[in-house]
Amino acid sequence: MSTEPETTESAEPGKPEDAVRSGTPTDAPGAGRPDAHGADAGGADAEAAPGTDGSPDTTGTTDADTSETSDTSETSETSEPADTTEPAPAEGSPQLSEAEAELLAQKLERERIEQRKAEKKGPIASGTKLSGQAADLLAAVRAVESGEKPVAAVFAEPRPAPRRPAPEPVRRPQPASAAPAPSDAPAPHTVDGARRVLTEGSAPEALAPQVAAALGEGAEDLLREDPWQLLRVTGVRPEQADGFARALLGAECRPDDERRARAVTVWLLEQAALAGHTALELSALATALARQGVPDADAAVQATLAEGEALVFQDALDEPGARPGTAPSAPSPAPAASPAPSATAGDGAGETDAEGEQDEAEEERPVRVLVGLERYALAEESLADGLARIVNSLSKEPSPEWEAAAAAAAGSTAELIRAAAGHGLVLHTGGEASRAEPAALLTVARGLGLRAVAACHTPDGRRRFAALLGAEDPVVTVPGLLAGTEGPGRDAEGALDLDVLVVLDAPQLDVEGAAMIVESLPDGARLVLSGDPAVLWSAGPGRVFADLLAARTCPQVASRTPDPGPLGELVSGVGIGELNQVDAPGKEIVIVPVRDAGEAVHRTVQLVADSVPRALGVPPEDTVVITPGHGGAAGTRVLNAALKERLNPGPGRFGGFDPGDRVAYSPAPGRTVPGQVVGADAEGLHLSCADGAVVVPKERVEQAVRHGWALTAHQAVGSRWPAAVVVLPGDAAQALSRPWVYTAFGRGERHLSVVHGVEQALPRAVAEVTAKPRTTRLPALLRSQVPAAQ
């Protein structure tokens, strides 16, 4: 059984045959399979097996570090404990099925949430005892009415004293271990049990640790009871799980087995998440199930919902007759009084409730029916709730101090300061040069005594933004901020101890990471999301920044600061779909045509080792090589092997690595940290990274570390190097898109070399191939809670 993973790209929602599709040059001749290592940043750069048609049944198994998502809080607004016992059905009344009961429970939960929100917004009932600010306000009114105090003395707000910025906690530098906590490691007897059942099912024994980690205690019994649970293990495909089930169950193994239907349904939703979707339309999911040999897609979805392994939702689309800009009705779960809508009923068009209509039925309201995994559904709802709280919790009163700061600035910098002064949530778009504008905003906020912090996607982004500020204190990385290893820490209530948070590289936020950030902000805080909307989207599911831009629920400031020089001109043109010829008198841009992949590898090594250092004075360690995928004749594996042989030859005695090797280390799914091998011992592989020393346990080296002279564009996003060499071999034509080219070409600060072997495929990709849509619920959720910004 081969378990070599392949990663997937998103596909256009509403096209079932493309619901989960590879986005790399693997359909081209000579494209290889992706590496089994887990160091890929997002999974979108890896390849699908040759011959695939891009449909869900041929979607490759996932990269080890993209199939999992980092632990995040999966919280949503819930009502306080209440008696949820349902009344017993009257005699002769129809009994609810498990699926119907589950849907009914979801509906009741949402009704309680809406009721709680309405109670918060409603007036205080007469006779209710007041407390807190309400009681203080009543006392002030009575003092004025009695003549005790003048109006000005009571209601004039005192000028708040400036607060000192919270100091960065002092932490002793120490090597960071990549080893999981001992309690997270599966027990030896659990691994032994998994190994026994795998052997009986003719599956590789090497999967035993992964099986034990995925299924936990009792993995052996669970697999014997339901062999298709093997699909929970990264890299296992349905046909492989079928073979395992046949070996264990014999004649009892049938294609229509409900256990298989449920496991395949969950597996397809997980594949969709890896492709960036937070949910799938019911029709797309049904088509994908049919392609996987599930005879009854409706029954499979119903069984999955009944087991609580997925949730179903109805999101209202634009209502007939609605005025432009009006918000449709709030999204809701599918009706609980009936089974989940049939997959054969189209794309989820439903009828509105006709209750209260006596003479004629209410006009039909179009909806789309979505099915998604609970973790992403909860994260998306929690994100929408948190954003609504941020938008509504900041006082809209104008501030003279903010206005004076805006008047002292100019252009889009002044617009950004004014927007942040009066709004809790602000979006800022622009290229690399535009980062000076949020830097100016941060300086203004700290000058006003506010606790202001900036968070970047990568350590390199943190370094570059700190250089704009001239100080490192207020700049952290997003992972470090959420983990508590960087930044101001948290207050007594668990919220981040800050007043203003500026998040750079915002397009790299997935729904879970964004939800964690928003949930961590205190009431009254300001959140500014800044980034370049033209780069590749997040490695994880969702497209938070793009959804917020489309929803238009808050001020948006578009920077008018262009990126300078020939490189800035070239990349700006790519962003609008034009591949222009640019004058580069200082050899800022060099095009190197090649005939085949072998020549592409040879010329790449020559550029990195000889030409760029000699002509520009940029050493090899300051040059990055970017290629569309890990496999193929000119993918990262081949390029890294050639570059190692030239730049740091050695036997690879530490798991294929030698001291001095450049590496790409993946501490968590979707993250890539460049580093260098220092050595190895019994503890593991020792690396020197931007965040300090890291020790990777030897059992994780294969999954978390790969050579890093050559990267994919997803691994490189968020970082920049003095020079970049972008390799475009002939078999990469199908992988190219405008966001990919924009991201790859924008990684070089001073120089860009393009090893060009795709001929007209490059300008065609820039002009015609835009980002593939992702199916998300965030826009509909936001429309129901936050009015559109004027």
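Two strands are taken to pair if DSSP finds at least two bridges between them. In the predicted model described here, strand E22 (residues 721-728) and strand E23 (residues 748-756) exceed that requirement, being joined by 7 bridges in a parallel arrangement. Within this pair, alanine 723 stands opposite histidine 751 of E23. Helix H19 (residues 565-575) packs on the sheet, where H19 touches E14 and E23, and its direction makes about 60° with that of E23.

The sheet to which these strands belong is open and consists of 5 strands in the order E14-E23-E22-E15-E21, with parallel pairing. Its edges are formed by strand E14 (589-593) and strand E21 (710-711); each has a single partner strand, so one side of each remains without a neighbour in the sheet. A further helix, H20 (residues 597-616), lies across E14, strand E15 (623-626), E22 and E23, and runs at about 150° to E23.

Helix H24 (residues 738-745) is largely enclosed by the rest of the structure, because 8 of its 8 residues are buried. The buried residues of H24 are Arg738, Pro739, Trp740, Val741, Tyr742, Thr743, Ala744 and Phe745. Their cover includes three strands and helices already described, among them H19, E15 and E22. Strand E23, helix H23 (713-716) and helix H25 (761-768) also contribute to the covering of H24.

The chain as a whole contains 26 helices and 23 strands, and 52% of its 790 residues count as buried. Among contacts with a separation of 6 or more, 74% are accounted for by residues 24 or more positions apart. The largest nonpolar core has 89 residues, and those with the most contacts inside this core are Val211, Leu289, Leu501, Leu527 and Leu529. Helix H8 (residues 258-274) supplies the largest share of the core, with 9 residues. A second, separate core comprises 32 residues, including Leu567, Val574, Ile626 and Leu752.

Individual residues illustrate the packing. Beyond four places in sequence, valine 211 touches Ala194, Leu198, Gly216, Ala219, Leu223, Leu230 and Val233. Leucine 425, found in strand E8 (residues 425-429), has a relative accessible area of 2% and is therefore buried. The contacts of leucine 425 beyond four places in sequence are with Leu387, Ile390, Val391, Leu527, Leu529, Cys554 and Pro555. Leucine 425 also lies 6.1 Å from arginine 526, C-alpha to C-alpha, although 101 residues separate the two in sequence.

A search of the whole structure finds 0 disulfides. Cysteine 456 counts as buried, with a relative accessibility of 0%, and cysteine 689 likewise counts as buried, at 10%.

Confidence in the prediction varies along the chain. The mean pLDDT is 79, with 70% of residues reaching 70 or more. Over residues 1-93, pLDDT stays under 50, and the model has 294 contacts beyond four places in sequence for this stretch. Residues 124-132 also stay under 50 in pLDDT, with 3 contacts beyond four places in sequence. Where pLDDT is low, the predicted coordinates should not be read in detail.

Technical notes. Residues are numbered from 1 along each chain as its sequence is written. This is a predicted model: local features need pLDDT of at least 70, side-chain atom pairs count only at pLDDT 80 or more; totals for chains, interfaces and linings use all residues. Side-chain values use heavy atoms; hydrogens and water are left out. Helices (H or I, at least four residues) and strands (E, at least two) are DSSP runs, numbered from the N terminus. Contact means heavy atoms within 4.5 Å. Axes are lines fitted to C-alpha atoms, for helices over the stretch in contact, and angles run from 0 to 180 degrees between N-to-C directions. pLDDT is the predictor's confidence in each residue, from 0 to 100. Buried means under 20% relative accessible area, exposed over 50%, partly exposed in between (1.4 Å probe, protein chains only). A disulfide is a pair of cysteine sulfur atoms within 2.5 Å. A nonpolar core is a set of buried Ala, Val, Leu, Ile, Met, Phe, Trp, Tyr and Cys residues joined through side-chain atoms within 4.5 Å.
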